[in-house]
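This report describes one protein chain, part by part. Please keep the sequence and the structure in view while reading.

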Amino acid sequence: MTTGNTKTKSKNNFGTREQLLGCSGKRFTEVILGDTSFRLQSLTEGEKSRFEKSILSKKGVIRDDARRRLLIRTLVDQDGNRILTDADISALAELDGAVTAKLFDAAMEHVGFQADEIDELVGNSKAIHGD
């Protein structure tokens, strides 16, 4: 049986509540820039929802620092501790755009955003706010 893009083999292979809730925890991936490797962490559903909310203005416009906000939430050290804070937003704005683009693209994929999902957020917010 196929539902959307998700395939299941049979009713006998359906996951349980316990299996689903056992999918907690962080995943990590690395992005290499020159001689340096940067580590990205996944976000929980709650963290992802808070991020989505944080990048939209009250009028449903994506904030110009949305890319930097995602990097702040996903770049971590070898122990899983964030290497950036919200205070680093301005400093990130001064980085080479190719560097932030490579990190941002990797973070978007790792966190589970689809390419058009941010545009969808704007559309949903405009519908709610009537803009």
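## The sheet

In this predicted model, 3 strands form an open sheet in the order β3-β4-β5, with antiparallel pairing. The edges of the sheet are taken by β3 and β5 (75-76), and each of these has a single partner strand, so one side of each is left without a neighbour in the sheet.

The pairing of β3 with strand β4 (residues 36-41) is antiparallel and covers 6 bridges. One residue pair shows how the strands line up: Phe 28 stands opposite Gln 41 in β4. The hairpin of β3 and β4 has 2 residues between the strands, and in this hairpin Gly 34 takes a positive phi near 65 degrees. On the other side, β4 is joined to β5 by 2 bridges, and these strands also run antiparallel. Here Arg 39 has Val 76 in β5 as its bridge partner. In a regular strand, side chains point to the two faces of the sheet in alternation.

## The chain as a whole

The secondary structure of the protein chain consists of 6 helices and 5 strands. Read from the N terminus, the elements follow the order β-β-α-β-β-α-α-β-α-α-α. The chain has 131 residues, and 31% of them are buried.

How much of the contact map comes from residues far apart in sequence? Of the contacts with a separation of 6 or more, 55% are between residues 24 or more positions apart.

## Lys 26 and its surroundings

Lys 26 sits in the loop between α1 (17-21) and β3 (28-33). Beyond its neighbours up to four places away in sequence, Lys 26 touches Gln 41, Ser 42, Leu 43, Thr 44 and Glu 47. Gln 41 is the residue that Phe 28 stands opposite in the sheet. Lys 26 and Leu 43 are 17 residues apart in sequence, while their C-alpha atoms are 7.0 Å apart in space.

Two of these contacts can be described in more detail. The side chain of Lys 26 reaches the backbone oxygen of Ser 42 at 3.1 Å. With Glu 47, the side chain of Lys 26 makes a polar contact of 2.5 Å.

## Salt bridges

How many salt bridges does a search of the whole structure find? The search finds 3. One of them is between the side chains of Glu 47 and Lys 26, at 2.5 Å from N to O. This pair links distant parts of the chain: Glu 47 is in helix α2 (residues 45-54) and Lys 26 is in the loop between α1 and β3, 21 residues apart. Glu 47 has a relative accessibility of 25% and counts as partly exposed. Lys 26, with a relative accessible area of 31%, is also partly exposed.

Another salt bridge joins the side chains of Arg 63 and Asp 65, at 3.4 Å from N to O. Arg 63 is partly exposed, with a relative accessible area of 36%, whereas Asp 65 is buried at 8%. Asp 65 also forms a salt bridge with Arg 69, and the closest N and O atoms of that pair are 2.9 Å apart. Both Arg 69 and Asp 65 are buried. Arg 63, Asp 65 and Arg 69 are thus linked in a network of salt bridges.

## A buried arginine without a partner

Arg 68 belongs to helix α3 (residues 66-74). Is Arg 68 buried or exposed? Arg 68 is buried, yet it has no salt bridge. The nearest side chain of opposite charge is Asp 64, 4.3 Å away. A salt bridge needs a side-chain nitrogen of Lys or Arg within 4 Å of a carboxyl oxygen of Asp or Glu, so a distance of 4.3 Å does not qualify. Apart from neighbours within four places in sequence, Arg 68 is in contact with Ile 89, Leu 92 and Ala 93.

## Confidence in the model

The average pLDDT of the protein chain is 85, and 79% of the residues score at least 70. Over residues 1-5 pLDDT stays under 50, and the model has 5 contacts beyond four places in sequence for this stretch. Residues 125-131 also stay under 50, with 9 such contacts in the model. Where pLDDT is low, the predicted coordinates should not be read in detail.

Notes. Residues numbered from 1 in each chain as written. Predicted model: local features only at pLDDT ≥ 70, side-chain atom pairs only at ≥ 80, totals over all residues. Heavy atoms only, no water. Helix = DSSP H or I, 4+ residues; strand = E, 2+ residues; numbered from the N terminus. Contact = heavy atoms within 4.5 Å. Polar contact = N/O pair within 3.5 Å; in protein donor to acceptor, adjacent residues only side chain to side chain. Buried < 20%, exposed > 50% of the residue type's maximum accessible area, 1.4 Å probe, protein only. Lys, Arg positive; Asp, Glu negative; His and termini not counted. pLDDT = per-residue confidence, 0-100. Pairing = 2+ DSSP bridges.
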